[in-house]
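Me: Here is a small structure to read from its sequence and its coordinates. Let us work through it in short turns.

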Amino acid sequence: MKILYFAELKELVDRHEDVFHFDYALTVEQLKNHLFSTYPVIQGKKFQVAVNEEFVQTDELVNPNDVVALIPPVSGG
């Protein structure tokens, strides 16, 4: 499973992507908990999750070969 980090999250974890190897599907919530334990610095941060370029809810499944993007809210001026 490839995880792509954007904006503030990319800066906080100091990388633009990760690859995690799971032999089973996870819910988005389970994946977020895994990421929070791997990178405690992002706990409490707001972000949307997109799987294969589509935004998903926390109860949806993420499969081992999916590409997941973590996208924080964008502020502009």
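Me: Where is Asn52 found?

Reply: This is a predicted model, in which local features need pLDDT of at least 70, side-chain atom pairs count only at pLDDT 80 or more, and totals for chains, interfaces and linings use all residues. Residues are numbered from 1 along each chain as its sequence is written, and side-chain values use heavy atoms, without hydrogens and water. Helices (H or I, at least four residues) and strands (E, at least two) are DSSP runs, numbered from the N terminus. Asn52 sits in the loop between β4 and β5.

Me: What is the phi of Asn52?

Reply: Most residues other than glycine have a negative phi. Asn52 is not a glycine, yet its phi is positive. The value is about 50°.

Me: Is Asn52 buried, partly exposed or exposed?

Reply: Buried means under 20% relative accessible area, exposed over 50%, and partly exposed in between (1.4 Å probe, protein chains only). Asn52 has a relative accessible area of 41%. That falls between the two limits, so Asn52 is partly exposed.

Me: Which helix holds Ala7?

Reply: Ala7 has a positive phi of about 50°, although it is not a glycine. Its relative accessible area is 46%, so Ala7 is partly exposed. The helix that holds Ala7 is α1.

Me: How many helices and strands are there in the protein?

Reply: Read the elements from the N terminus on: β-α-β-β-α-β-β-β-β. In total, the protein has two helices and seven strands.

Me: In what order do the five strands of the open sheet stand?

Reply: Two strands pair if DSSP finds at least two bridges between them. The pairing in this open sheet is mixed. β2 (17-19) and β5 (54-55) each have a single partner strand, so one side of each lacks a neighbour in the sheet. The order is β2-β1-β7-β4-β5.

Me: Which residue in β2 is the bridge partner of Ile3?

Reply: β1 and β2 run antiparallel, and three bridges join them. Within this pairing, look across from Ile3 into β2. The partner is Asp18.

Me: Which residue in β7 is the bridge partner of Tyr5?

Reply: β1 and β7 run parallel, joined by four bridges. The bridge partner of Tyr5 in β7 is Leu70.

Me: Which residue in β7 stands opposite Ala50?

Reply: β4 and β7 pair in the antiparallel sense, over four bridges. Opposite Ala50 stands Ala69.

Me: At about what angle does α2 run to β1?

Reply: α2 lies across β1, β4 and β7. β1 has a covered face, Ile3 and Tyr5, and an uncovered one, Lys2 and Leu4. Axes are lines fitted to C-alpha atoms, for helices over the stretch in contact, and angles run from 0 to 180 degrees between N-to-C directions. The angle between α2 and β1 is about 70°.

Me: Which element gives the largest share of the largest nonpolar core?

Reply: A nonpolar core is a set of buried Ala, Val, Leu, Ile, Met, Phe, Trp, Tyr and Cys residues joined through side-chain atoms within 4.5 Å. The largest one here has 21 residues, and Ile3, Val68 and Leu70 have the most contacts inside it. Two or more residues each come from β1 (2-5), α1 (7-13), α2 (28-38), β4 (48-51) and β7 (67-71). The largest share, four residues, comes from α2.

Me: Which residues does Lys32 touch, not counting those up to four places away in sequence?

Reply: Lys32 is found in helix α2. It is buried, with a relative accessible area of 18%. Contact means heavy atoms within 4.5 Å. Beyond the four-place limit, Lys32 touches Phe47, Val49 and Thr58.

Me: How many Å separate Lys32 and Leu9 in space, C-alpha to C-alpha?

Reply: In sequence, Lys32 and Leu9 are 23 residues apart. In space, their C-alpha distance is 13 Å.

Me: What radius of gyration does the protein have?

Reply: The radius of gyration is taken over C-alpha atoms, and the globule rule is 2.2 Å times the number of residues to the power 0.38. With 77 residues, a compact globule would come near 11 Å. The C-alpha atoms fill a box of roughly 40 × 25 × 20 Å along the principal axes. The radius of the protein agrees with the rule, at 12 Å.

Me: What share of the 77 residues is buried?

Reply: Apply the limit for buried residues to the protein. The share of the 77 residues that is buried is 35%.
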